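Here are a few quick exercises on salt bridges and a helix face. Have the sequence and the 3D view open, try each task, then check the steps.

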Amino acid sequence: MATYKKRGYKPKNKQEEQQVENMDSTTAEVFNTLDETASKSEQWIEKNSKVLFGALVAIVVIFLAFLGYNKYIVEPNELDASNELAFPRKYFDEAATAGSGIDSLLTLGLEGADGKYGFLDIADSYSGTDAGNMANYYAGVSYLQMKQYDKAIEFLSKFDSDDEMLGPVALGAIGDAFSDIEQEEEALEYYEKAANKKTNDFTTPLFLYKAGQTAMNLKEYSKAEDLFSKIKESYPKSDQGRDVEKFINAAKYAQ
């Protein structure tokens with residue numbers, strides 16, 4: 001058993017004297033090891049000081065370059081794209097309320113006019129910006145209204161948003177496009193994606209309903225019943241929830 005070495009302590013016998021000597025030897029070895037380790041660390045730092053300094057400078061340069069890129073390139077580009085988007089938006093909004101000539105208005109919005117960019121130009125020239133992303137959405141919806149379904153799907157698929165409304169509506173619009181070209185399985189997939197994208201009292205029951213109707217068309221009656229039942233359970237006061245009981249019963253009887 002080790003013996004605690006008090007100040008002025010004298011070993012009582014040879015055994016204790018040996019223990020004290022062993023403790024002194026072990027302590028000396030520990031301090032020698034620490035000294036050697038510290039010395040090696042200092043030597044390594046001194047030897048690699050240029051490399052370490054260069055790495056630090058590189059990190060600082062990269063950080064400053066990132067800040068500069070955002071301030072002098074990304075932010076001005078975002079502003080330019082946002083300003084460009086105002087022109088085709090005017091025609092898109094007019095088409096929403098026009099009684100006739102909708103396609104011509106939508107075409108102006110898509111292609112631009114009078115030297116101004118349309119949605120297609122903005123989506124291409126300002127890809128990576130928020131406005132460029134929105135241009136894909138407007139282009140997709142425009143093509144959907146013009147019944148050019150392949151192009152509608154193409155541009156809406158490029159659009160990405162976590163917005164409470166726009167995210168689900170874009171996915172639902174892809175579902176509408178597939179439905180209109182009678183690709184019901186793809187339509188069902190996108191209606192379900194739209195229903196699950198964001199939970200709210202408007203888009204969720206709307207796309208659950210569309211998914212349920214599509215499942216009925218596909219004769220997936222059990223799935224249709226589940227989709228309609230979700231509306232009854234969670235959104236009974238929605239427009240779709242008012243008469244949903246009859247759709248649930250129709251799905252049950254069809255099985």
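A salt bridge here is a side-chain nitrogen of Lys or Arg within 4 Å of a carboxyl oxygen of Asp or Glu. Keep in mind that this is a predicted model.

**Exercise 1.** Work out which parts of the chain the salt bridge between Lys197 and Asp162 ties together.

*Solution.* Start with the distance: the closest N and O atoms of Lys197 and Asp162 are 3.5 Å apart, and the cut-off is 4 Å. Next, place the partners: Lys197 is in helix H8 (residues 184-197), while Asp162 sits in the loop between H6 and helix H7 (166-180), so the bridge links parts 35 residues apart in sequence. Finally, check exposure: Lys197 is partly exposed at 28% relative accessibility, whereas Asp162 is exposed at 57%.

**Exercise 2.** Find how far apart Lys158 and Glu154 are along helix H6.

*Solution.* First, the contact: their side chains form a salt bridge, 3.6 Å from N to O. Then the spacing: both belong to H6 (residues 149-158) and are four residues apart, about one turn of the helix. As for exposure, Lys158 is partly exposed at 45%, and Glu154 is partly exposed at 39%.

**Exercise 3.** Are the buried residues of helix H3 on the same side or on opposite sides?

*Solution.* List them: Leu105, Leu106, Gly109 and Leu110 are the buried residues of H3 (residues 102-111). They span an arc of only 140° around the axis, so they fall on the same side of H3. One step further, just after H3, Gly112 has a positive phi of about 80°.

Key: Residues are numbered from 1 along each chain as its sequence is written. This is a predicted model: local features need pLDDT of at least 70, side-chain atom pairs count only at pLDDT 80 or more; totals for chains, interfaces and linings use all residues. Side-chain values use heavy atoms; hydrogens and water are left out. Buried means under 20% relative accessible area, exposed over 50%, partly exposed in between (1.4 Å probe, protein chains only). Helices (H or I, at least four residues) and strands (E, at least two) are DSSP runs, numbered from the N terminus. The arc is that of the directions from the helix axis to the C-beta atoms.
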